Amino acid sequence: MLKARLIADKDMKKAAVDRRIYSSFIEHLGRAVYGGIFEPGHPEADQNGFRKDVISLIRELDVPLVRYPGGNFVSCYRWEDGIGPVEKRPKRLDAAWRTLEPNTFGLDEAAAWAKEAGTELMMAVNLGTRGLQDAVNLLEYCNIDAPSKYAEMRRENGHPDPYSIGIWCLGNEMDGKWQTGHKTPVEYARTAAETGRAMKRIDPSIELVACGSSGSNMATFPEWERIVLTEAYDTVDYISMHQYYDNYDDDTPSFLASNLDLDRFIASVISAADYAKAVTRSHKDIGISLDEWNVWYHVRREDEKRMENMPWTVAPPLCEEIYNTEDAIVIGCMLITMLRHADRVRIACMAQLVNVIAPIMTRTGGGAWKQTIYYPFLHASKYGRGTVLHDASSSPSYECRYGDAPYLESVSILSEDGGELTVFAVNRSLNEDMELSLDLRGFGNVSLIEHIELRSDDIKMVNTETEENVRPQVRKDSSLSSAEGTIILHPASWNVIRLKVR
Ligand code: AHR
């Protein structure tokens with residue numbers, strides 16, 4: 001039995017959690033839009049063609065923002081193709097995903113869908129094949145209430161009120177050679193600064209996200225951040241980070257510690273941002289928008305190969321990762337890392353939401369179901385709002401690809417009303433139980449509300465349309481009725497320990 005310890009105190013506050021870290025992402029990619037959120041004619045579709053079964057799963061997750069429309073897709077997208085009478089909209093070749101884009105779902109449909117799904121759009125502009133003027137036109141269409149050309153166009157399309165989209169991404173992964181219109185750091189820095197300035201002149205209320213690195217392994221990281229932020233510091237509000245993890249070599253102990261890499265990546269981006277703050281003599285802090293994160297590898301290489309010669313079709317199944325229990329534990333650990341950096345990570349978008357590297361799967365013409373990774377995200381979104389407390393935990397550790405990894409991964413959050421303490425905890429050991437001693441004397445009276453656990457006997461277990469093999473269970477054998485006590489964490493498990501503290 002491993003022995004670990006966790007001390008939390010209500011006065012040891014680190015930072016308020018920004019609810020936008022529970023955001024997500026829908027790209028025109030594979031069956032995310034067509035056959036995912038939008039499927040006219042489906043028995044569950046509403047009058048707009050939006051799948052209500054999918055919307056109810058999204059509503060349960062309670063995602064504050066949905067990044068749209070890409071991703072790599074945005075870097076060759078013409079947003080005007082997706083507005084106005086549907087029968088007049090062109091079909092286009094989307095070079096990013098070798099797909100035929102029918103444009104039957106566009107900006108106005110996305111805005112209506114977001115409303116139905118109880119979320120808001122986080123809009124990305126095309127800085128690949130287009131640029132400043134187009135970004136400003138799009139912003140005018142979305143946000144401006146004046147008798148001007150693009151605002152009038154929106155009204156003529158039946159939308160009198162502006163959409164008031166608050167967060168805008170200045171392009172996507174412009175550091176990546178795979179990106180249409182890929183740029184050097186200096187080229188991108190100038191484009192982002194000038195585009196951002198022009199956009200804020202049209203609507204000063206918006207917030208802007210500059211592209212950061214597409215992963216911790218990019219050759220230009222962290223020079224990219226230094227150069228971009230030194231140029232655009234005053235104009236932008238956030239720097240993006242993208243990070244996907246894999247278990248290609250089936251090294252599960254290392255895979256389960258992937259968030260140690262994420263932790264270092266975040267710390268380095270903060271350092272680069274703070275360096276730019278010093279150089280520019282600024283007083284503001286740049287926030288982090290981790291606007292693509294997930295596990296992605298099960299079908300990635302196959303898809304890349306298949307795409308080389310794929311015929312041009314609408315919504316070919318792409319990036320349809322089927323997630324298992326170990327993936328869900330990695331997701332839980334990544335969420336813990338984001339929460340620990342709540343003072344700087346203000347936005348995070350799980351990539352993506354439906355069918356494409358997603359917590360929600362659908363069958364075109366069929367059902368919708370929850371993948372394993374749905375659950376840690378749900379738990380964090382539901383119970384991980386309030387204030388993150390400083391960590392004081394200790395646990396034995398093991399050596400892995402990322403160095404020394406503690407068996408215990410945890411974070412404690414005090415609810416907004418101060419009446420509930422939630423401890424998210426992972427036992428990374430594959431075969432040993434962990435006795436977790438909790439020292440919560442700083443809270444006075446403490447009692448367990450419930451201990452929720454996600455695990456499976458076979459760590460590679462997955463969910464399907466008909467069988468939900470991996471789902472959370474309430475641990476009946478756990479108890480805690482005072483400020484000190486122990487809870488047993490099973491091997492390779494994600495745990496939500498909910499405590500009443502008043
Ligand atoms: O989320 C899938 C893809 O991953 C996005 O289009 C791109 O930004 C990233 O490389």
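1. Let's start with helix α2, which supplies the largest share of the lining of the second largest pocket: five residues. Please keep in mind throughout that this is a predicted model. The pocket in question has a volume of about 360 Å³. Its lining is made up of 15 residues, and those nearest the centre are A111, A112, K115, P162 and Y163. The elements that give two or more residues to this lining are α2 (107-116) and β7 (120-125). Sorted by class, the lining residues of the second largest pocket are seven nonpolar, four polar and four charged.

2. Strand β7 turns up again at the largest cavity, where β7 gives the most to the lining, with three residues. Both β7 and α3 (132-143) supply at least two residues there. The space inside the largest cavity comes to about 90 Å³. If you would like to find the largest cavity on screen, select Y68, P69, V74, Y77, W79, L107, M123, A124, V125, N126, D134 and L138, which line it. By class, that lining has ten nonpolar residues, one polar and one charged.

3. While you are looking at cavities: a search of the whole structure finds four of 30 Å³ or more. The second largest cavity holds about 60 Å³ of space. Its lining consists of H28, L29, G30, V33, Y34, F73, D94, T99, L100, E101 and A315. Strand β6 (residues 99-101) accounts for the largest share of this lining, three residues. The class breakdown for the second largest cavity is six nonpolar, three polar and two charged.

4. Now for the largest pocket, which contains about 760 Å³ of space. It is lined by 33 residues, and the closest to its centre are W178, S214, Y244, W296 and R300. Two elements give two or more residues to the lining of this pocket, namely β10 (238-245) and α9 (300-307). Of these, α9 provides the largest share of the lining, five residues. By class, the lining of the largest pocket has 14 nonpolar, nine polar and ten charged residues.

5. S214 deserves a paragraph of its own, as one of the residues closest to the centre of the largest pocket. Where does S214 lie? It is in the loop between β9 (207-210) and α6 (223-232). Is S214 buried or exposed? The relative accessible area of S214 is 11%, so the residue counts as buried, since the cut-off for buried is under 20%.

6. The surroundings of S214 are worth a closer look. Leaving aside residues up to four places away in sequence, S214 touches E173, D175, G176, W178 and H242. With D175 there is also a polar contact between the side chains, at 2.4 Å. W178, another residue that S214 touches, is likewise among the residues closest to the centre of the largest pocket. S214 and M241 are 27 residues apart in sequence, while their C-alpha atoms are 6.3 Å apart in space.

7. Next, helix α1 (residues 52-61). Which of its residues are buried? They are D53, V54, I55, L57, I58 and L61. These buried residues pack against α2, β13 (360-362), β14 (368-370) and α11 (374-383). So α2, met above as a contributor to the second largest pocket, is also one of the packing partners of α1. After α1 comes D62, and the phi of D62 is positive, near 55 degrees.

8. Finally, a sheet. Four strands make up an open sheet with the order β16-β1-β21-β24 and mixed pairing. Why is one side of β16 (393-394) and of β24 (484-489) left without a neighbour in the sheet? Each stands at an edge with a single partner strand, so there is no neighbour in the sheet on one side. The β24 strand runs antiparallel to β21 (residues 434-439), and six bridges join the two. To check the register, you could start from L436, whose bridge partner in β24 is I487.

Key. Residues are numbered from 1 along each chain as its sequence is written. This is a predicted model: local features need pLDDT of at least 70, side-chain atom pairs count only at pLDDT 80 or more; totals for chains, interfaces and linings use all residues. Side-chain values use heavy atoms; hydrogens and water are left out. On a 1 Å grid over the protein atoms alone, a cavity is a set of points where a 1.4 Å probe fits but cannot get out, and a pocket is an open set with protein on both sides within 12 Å along at least five of seven lines; lining residues have an atom within 4 Å of a point. Grid points are joined across faces, edges and corners, and a volume is the space filled by probe spheres set on the points. Ala, Val, Leu, Ile, Met, Phe, Trp, Tyr, Cys and Pro count as nonpolar, Asp, Glu, Lys and Arg as charged, and the others, Gly among them, as polar. Buried means under 20% relative accessible area, exposed over 50%, partly exposed in between (1.4 Å probe, protein chains only). Contact means heavy atoms within 4.5 Å. Two strands pair if DSSP finds at least two bridges between them. A polar contact is a pair of N or O atoms within 3.5 Å; within protein, one must be able to donate a hydrogen and the other to accept it, and residues adjacent in sequence count only if both atoms are side-chain atoms.
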